[in-house]
Amino acid sequence: MPQTIIIGGGAAGFFSAIQLAANHPKEDITILERGKSVLEKVRISGGGRCNVTHGCWDPRELSKFYPRGEKELLGPFNQFACGDTMGWFGDRGVELKIEDDGRVFPVSDSSQSIIDCLWNTAKAQGVKVLTKTRVSEIIAPSTSSTAPASAPEKWTVKAGDQTFTADRLVVTSGSNPAVWKLLESLGHTLVPPVPSLFAFDTKDTRLRDLSGISMPWAQLNIAGEKLKAEGPLLITHRGLSGPAILRLSAWGARRLEPRKYNFELVVNWLAMRPVDVEEQLEDLKQTEAIRQIAARAYLDLPIRLWKSLVQAAGIPGDQQWSQLSKRQRAALVEQLTNARFHITGKSTNKDEFTTAGGVDLREIDFKSFRSKLYPSLFLAGEVLDIDAITGGFNFQAAWTGGWLIGNAEG
Ligand SMILES: Cc1cc2nc3c(=O)[nH]c(=O)nc-3n(C[C@H](O)[C@H](O)[C@H](O)COP(=O)(O)OP(=O)(O)OC[C@H]3O[C@@H](n4cnc5c(N)ncnc54)[C@H](O)[C@@H]3O)c2cc1C
């Protein structure tokens, strides 16, 4: 009976196993998982709700959410994408819902629904799962061009004192450095891993005591870099976070690491052109003439943020609108649309984080996520140099890869 070993019982591992079992019912398919339990990241994902995919139906548009993998995933997404994921879980009794921002969750709001579905489907199809089985050695078969003549005919996988053999090897070990090393020793190239999806730390006094305040749509850029992002922005007790920051951290993951996360962030709180803001301030000068500038909120800014920016522009708290000088107006426009913050580090975004880096994508045939070095080796999920911004895209890459591995010929 042909044998498949899958290293890693996460999202990509289970999806590969289920699809392989569906297409090869006579095969012996075994998942080796180092942990006590499987699908641990699915369990904690999306704050325990599991943001399983995204309501995005165009493969090209979908691929744009991947700072690393955009080009390579376009073909795979034409085979299996978000709608297919929704259909797949729906067919197996997991009701899903699309939230206003496009994120897709189980109606139960519990990641356990996804875990149960994957576990029960795998078990029903005869997939074997061995937990507490940490793979520590992989020996390539003699069928590979690089293997020595003395190599065995099958893959040999060692975990503790256990030895497994396999005709097909699937590696879905996520961002595990030890397995990356094993893959390097097989000849694969590793793009060095760096964190992605993190919040920015700053000690800027303008944000002091403003933790919890958010802006619905801000524009951000990093001074001296071509990095830009926009979207909701959140002030935290350590600095800045929210979708716009996470997006910037994903696109900037590689550029920001050598800078030790020290850089100037430029914030346009209103996502408006300076000239339009200036015009609005001029109007307020007329219509609010006798009111104090800092007494109430303007331009849809939360009052505490408005007061802080007015103060940062050097405008006294009790000054009336009618007394707003040109210099003060310019300073306020600057604070509202071009405020610079010195970022001194990064913080973990607890809802979702990922690793940029992994096996070099040039070494993968994306028709079936097959290694170009070994025809019977397949890789999917975070083990590859693929990652996305938040929103269900990281899981989508894992589902797509797993599905294509399961449908691969041979
Ligand atoms: C807190 C958090 C929340 C997240 N929320 C979301 C979300 O809501 N939506 C989304 O799209 N993405 C989310 N992500 C990202 C998502 O979890 C990952 O992209 C996804 O889990 C990758 O799947 P994977 O199968 O490649 O790897 P993993 O899920 O990491 O699975 C790899 C498995 O391999 C096992 N393994 C590693 N080494 C070995 C070894 N030597 N031997 C045997 N087994 C081994 C690991 O124990 C693990 O179980 C989140 C990530 C985090 C950290």
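**Two domains and where they meet**

Hi everyone. The domain assignment splits this chain into two: domain 1 is made of 3-195 plus 354-406, and domain 2 covers 198-348. Please keep in mind that we are looking at a predicted model.

Let's begin with the nonpolar cores. The largest one has 83 residues. Which residues have the most contacts inside it? They are F89, I114, L118, L183, L384 and W399. Take L118 as an example: leaving aside neighbours within four places in sequence, L118 is in contact with F14, F15, I18, L39, W88, F89 and W399. There is also a second, separate core, with 46 residues, and F198, I235, F263 and A294 are among them.

Now, how do the domains meet? Taken over C-alpha atoms, their centres are 40 Å apart. At the boundary, 13 residues of domain 1 are in contact with 10 residues of domain 2. People often describe the size of an interface by the accessible area lost when the parts come together. Here domain 1 and domain 2 bury about 920 Å² between them, with 64% of it on carbon and sulfur atoms. On the domain 1 side, V194, P195 and I389 lose the most area to domain 2, and together they account for 50% of what that side buries.

What about polar links? Between the two domains the count of salt bridges is 0, while 2 residue pairs are in polar contact.

Last, which elements give two or more residues to the side of domain 1 that touches domain 2? Those are β11 (190-196) and β19 (354-359). Of the elements on that side, β11 gives the most, with 4 residues. Thanks for listening!

How values were computed:
Residues are numbered from 1 along each chain as its sequence is written. This is a predicted model: local features need pLDDT of at least 70, side-chain atom pairs count only at pLDDT 80 or more; totals for chains, interfaces and linings use all residues. Side-chain values use heavy atoms; hydrogens and water are left out. A nonpolar core is a set of buried Ala, Val, Leu, Ile, Met, Phe, Trp, Tyr and Cys residues joined through side-chain atoms within 4.5 Å. Buried means under 20% relative accessible area, exposed over 50%, partly exposed in between (1.4 Å probe, protein chains only). Contact means heavy atoms within 4.5 Å. Domain bounds come from an automatic or database domain assignment. Buried area is the accessible area (1.4 Å probe) that two parts lose on being put together, summed over both. A salt bridge is a side-chain nitrogen of Lys or Arg within 4 Å of a carboxyl oxygen of Asp or Glu. A polar contact is a pair of N or O atoms within 3.5 Å; within protein, one must be able to donate a hydrogen and the other to accept it, and residues adjacent in sequence count only if both atoms are side-chain atoms.
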